[in-house]
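User: I would like a close look at one part of this model, the part with charged pairs. Please set it in its wider context too.

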Amino acid sequence: MRSDNQKLNQRLALSAYLRRKGSCGEGTEVQDVTIRGAQLLIIGGSFGLREFAQVRYDVQKVKRKIDPALEAQLNKNKNKVSVESEYEKLQQQNLDDWVNIRGPRPWEDSKSYQEQQRKSQNANSIINVKH
């Protein structure tokens, strides 16, 4: 394949050189036909590629189409979230009694750390109940 490309490049270079010099030797018609064939291949390939790409996108579009009744049900079941609704949720939460809980470090064993946290929380809740 590479040798074919090299031969084509050599022919194109030779043809361009002969055109600049103004002299045409034997076989220039063959070179011109080769050049025209290469140009036709490049331009034709461009149009062909465009058509294949268009077919690809058309097929994808057809696959994405769903039944209108099903689409209406999906849109009806969608919950619409707004800034106001999220703000109301935040207002309903009690943010004064939150507890900052530290998670385990990468070098700590998470199960043993969780057990320690539970024991300390239980101890704190017992102390709070007594007071």
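Analyst:
**Salt bridges and their surroundings**

Of the 131 residues in the protein chain, 6% count as buried. Keep in mind that this is a predicted model. The accessible surface of the chain comes to about 12700 Å². Carbon and sulfur atoms account for 55% of that surface.

Next, the fold. The protein chain has five helices and zero strands. Read from the N terminus, its elements run α-α-α-α-α.

Now the charged pairs. Side chains of opposite charge can pair when their charged atoms come close. How many salt bridges does the structure hold? There are two.

Take R50 and E51. These two form a salt bridge, and their closest N and O atoms are 3.2 Å apart. That falls inside the cut-off, because a salt bridge needs the nitrogen within 4 Å of the carboxyl oxygen. Is E51 buried or exposed? Neither label fits: E51 counts as partly exposed because its relative accessibility is 45%.

The other pair is K89 and E86. Their side chains meet in a salt bridge, at 3.5 Å from N to O. Where do these partners sit? Both belong to helix α4, which covers residues 83-92. K89 and E86 are three residues apart there, so about one helical turn separates them. E86 has a relative accessible area of 35%, so this residue is partly exposed.

Compare that with a nonpolar part of the surface. I42, I43 and F47 form a nonpolar patch there. Together, these residues have about 340 Å² of accessible area. I42 lies in helix α2, which spans residues 28-64. Why does I42 count as exposed? Its relative accessibility is 64%, and exposed means over 50%.

Back to α4, and on along the chain. P104 is placed in the loop between α4 and α5, the latter covering 110-130. P104 has a relative accessible area of 36%, so this proline is partly exposed. Which residues does P104 touch, leaving aside its neighbours within four places in sequence? The contacts are S110 and Y113. Q114 gives another view of this region. P104 and Q114 are 10 residues apart along the chain, and their C-alpha atoms are separated by 7.9 Å.

To recap, the salt bridges join R50 to E51 and K89 to E86. E51 is partly exposed, and E86 is partly exposed as well.

How values were computed. Residues numbered from 1 in each chain as written. Predicted model: local features only at pLDDT ≥ 70, side-chain atom pairs only at ≥ 80, totals over all residues. Heavy atoms only, no water. Patch = residues over 30% accessible without salt bridge, like charges linked within 9 Å, V, L, I, M, F, W, Y side chains within 5 Å. Areas by Shrake-Rupley, 256 points an atom, 1.4 Å probe, with all protein chains shown as cover. Helix = DSSP H or I, 4+ residues; strand = E, 2+ residues; numbered from the N terminus. Buried < 20%, exposed > 50% of the residue type's maximum accessible area, 1.4 Å probe, protein only. Contact = heavy atoms within 4.5 Å.
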